[in-house]
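I sat down with one chain today and kept notes as I went. Have a look at it before reading on.

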Amino acid sequence: MKSAEASRIRLWLPYLLIIAATALAHLWCLGSQFYMDDMNQIRDSEVVLNGNLLPLNQNSWTQLFYVLQYRLFGMTPVAFHAVNWLLHTAVACTLFGFGRDFLRGKWPEGVALFGALLFAVHPLASEIPNYARTQDLAWVTLFSLLAAWAMLLYLREGGWELVPGTDGQIPVLQRTNRWWKLLFCGLAVMGATFSKGPGLFHAAMAVAVVTLATVAQGNTSGLRMMGKRPLGALFGIFAAVIGVLWATGLLHGLLALTAMWKEPRFIGNAYTLSRVFWEFAWRSVIPVALSSDHLIAETLIPPGAPFWNIPDKGAMFAAACFIILTAFSVFLFSRKSTQLFGACLFLFAANILFRVLFPMPEFMPEYRIYPGLPWFCLGAAMLLAASWKTLFETVSPRVPAAVLLAVFAFLSAKRSFQWHDLDRLMANVLEQYPAQARAIWVINSRDLSIGDWQAVIDRHERDWPEVRRKFINSLSSRPAREIPTGHFSMAEVACTGGYARAVAHQRSPVEGIRIINQLEAYMQAMKIDPHTNPVHWDIFHLDKALVLEIAGSYQAALDSLSRKDLPPLSPRDYQRIERKLAIPQGTIKPGS
């Protein structure tokens, strides 16, 4: 009886350690605030507020859980951050279970446990608990690991077993109940697919690499037990996933993205992300200088320039390093002695390379590297264990491992406390990236939402000129950047539009209209094209409508929110202004 209890304790102790480590490093996230994108995509989401999940899209699973959280707990940051913490803990526990089985026969179980603990407390993963709207990537990572784990178990155990015959008869194959693992793998891939757009590719890469590694190790029965067509079941899963994507219309959208791969802007974006992610990759190794945001200096492809010889040598170096790292991981994967480490290194690099090929320029906070981080931590555990054994064969690694985990847990907890106060968080961003205008945009959005107009005015007149000056100065020491369509110009439009709204409230609607008209003239002079950069103009037209609403020009405000062949910008603002327009003139005082 005592031995059975001891076995149960040994079974659950690693998971309890992982939960405790995750709590120590990240549970402070419960005091974190909503970030700007949290407000836009959760608090102001029509899907979340109305609960209408149809038609299906690439975020349906994530949106379902946002809706459930909102229905159960309201729009409180604590509830959303708590779910994020639970998801991160679940990913860490799944990584241990998968790693234990993946390394079985090659490495001690303690290596998988250390890899899971390293992931649980890694500072680079701390944005997942603290940044509420990262649940999509947390779900993708969890489903990808579950799919890989289910496939691993199926390949190890098979769907059939050899049953000895009676009375000297020939042994026969008998179907077992282990086919549910293959079914679970397919469901997990679907879960990743409907958690976030790139989820299908993250899950498919994990399953494919784990399948190849398991088969190459030669300790699998699953493929041998599937008869004359050993890969039939795998192709069946693939066909089912493609069929669902086709039926829901998602496949057409995914294929349409490939048309952008030949555009210079897309190639420039790939170089940009190579440079950014190369920095993130090093922060996986040495998690210092972490920030809640990242300054994007977009790489330009000059007209007529070959893609392999551009002015941004730093981006070219980063892209080359990723190609070399991926090739090196393939080499390690091809050697049986380093195959498991090579698989982890390849999945880490491949997850990053996939993001590099993503055809949408965007802000790149560090949580984007999250799907590759479990593979990095598991591979790092193997590398550190091998290095320690070579250098100190007779010395236990537990003490240095505990020290490293404690340092990482402290750094993660420290990051969580920065998220408790938005001003402190954005001050940290500006300290590392003095030209990151998005930091001003984030704080202004918070103050505009609570009606602190004077704070927005003071910040724009006091801090904005210095941030803009530092950005302009940074251009002289770098290759030419695309100012009119870059991220800085987007933040400039948002900050100036918010300033116009604040001035219209605090000083006079006439002065607010003057500022918004000056902004429009500036955007036209900068040649910001509404067709290639619609987001810039959507931000502008929303701020213009709100300024016109303050001035009492309700029809003009509605015209600013209207879009051809598309729903109006900010439907709730549109409906509110429409109701005001229906009230007889003179009843509503401008600015109310």
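My entries follow, one topic at a time.

**Entry 1: the whole chain**

I noted at the outset that this is a predicted model. I counted secondary structure and found 26 helices and 2 strands in the chain. Next I looked up burial: of the 592 residues, 52% are buried. I also checked how contacts spread along the sequence. Taking contacts between residues at least 6 apart, 75% of them join residues at least 24 apart.

**Entry 2: the second largest pocket**

I turned to the second largest pocket, and its volume came out at about 810 Å³. Which residues lie nearest its centre? I found Gly 110, Phe 114, Pro 397, Arg 398 and Ala 401 there, out of a lining of 26 residues. Sorted by class, the lining has 20 nonpolar, 2 polar and 4 charged residues. I then asked which helices each supply at least two residues of that lining. They are helix 6 (109–121), helix 16 (373–391) and helix 17 (398–418).

**Entry 3: helix 6**

Helix 6 had come up in the pocket lining, and I gave it an entry of its own. It has 13 residues and spans 19 Å from first C-alpha to last, close to the 18 Å expected. Is helix 6 mostly covered or mostly exposed? I found it mostly covered, with 11 of the 13 residues buried. The buried residues run from Val 111 through Val 121, including Leu 113, Phe 114 and Leu 117. Phe 114 thus appears twice in my notes: it is buried, and it is among the residues nearest the centre of the second largest pocket.

**Entry 4: helix 22**

I looked up a second helix, helix 22 (residues 487–506). Its 20 residues reach 28 Å from first C-alpha to last, close to the 28 Å expected at 1.5 Å a residue. Helix 22 is mostly covered too, with 18 of its 20 residues buried.

**Entry 5: Ala 318**

I picked out Ala 318, which sits in helix 14 (residues 313–334). Its relative accessible area is 1%, under the 20% cut-off, so I wrote it down as buried. What does Ala 318 touch, apart from its neighbours within four places in sequence? I found contacts with Ser 274, Arg 275 and Trp 278. I also took the C-alpha distance from Ala 318 to Tyr 271: 8.0 Å in space, with their positions 47 residues apart in sequence.

**Entry 6: aromatic pairs**

I searched the whole structure for aromatic pairs and got 25. In one of them, Tyr 15 and Phe 96, the ring centres are 5.2 Å apart and the planes stand at 85°, so I logged the pair as edge-to-face. This pair links distant parts of the chain, with Tyr 15 in helix 1 (residues 2–26) and Phe 96 in helix 5 (residues 77–102), 81 residues apart. Both Tyr 15 and Phe 96 are buried.

Then I checked Phe 98 and Phe 102, a stacked pair with 5.0 Å centre to centre and 20° between the planes. They are 4 residues apart in helix 5, so about one helical turn separates them. Phe 98 and Phe 102 are both buried.

I closed this entry with a cluster: ring pairs link Trp 61, Phe 65, Trp 139 and Phe 143.

**Entry 7: backbone details in the loops**

I looked for a cis peptide bond and noted the one joining Leu 54 and Pro 55, with omega at about 0°. Pro 55 is in the loop between helix 3 (46–50) and helix 4 (60–73).

I also looked at phi angles. Lys 527 has phi near 60°, a positive value in a residue other than glycine. It belongs to the loop between helix 23 (509–525) and helix 24 (534–551). Is Lys 527 buried or exposed? Its relative accessibility is 70%, so I put it down as exposed.

Asp 565 also has a positive phi, near 60°, and is likewise not a glycine. I found Asp 565 in the loop between helix 25 (554–561) and helix 26 (571–582). With a relative accessible area of 73%, Asp 565 went into my notes as exposed.

Terms used. Residues numbered from 1 in each chain as written. Predicted model: local features only at pLDDT ≥ 70, side-chain atom pairs only at ≥ 80, totals over all residues. Heavy atoms only, no water. 1 Å grid on protein atoms, 1.4 Å probe; cavity = no way out; pocket = protein on both sides within 12 Å on 5 of 7 lines; lining within 4 Å. Points joined across faces, edges and corners; volume = space filled by probe spheres on them. Nonpolar A, V, L, I, M, F, W, Y, C, P; charged D, E, K, R; others polar. Expected span 1.5 Å × (residues − 1). Buried < 20%, exposed > 50% of the residue type's maximum accessible area, 1.4 Å probe, protein only. Contact = heavy atoms within 4.5 Å. Phe/Tyr/Trp six-rings, centres within 6.5 Å; stacked < 30°, edge-to-face > 60°.
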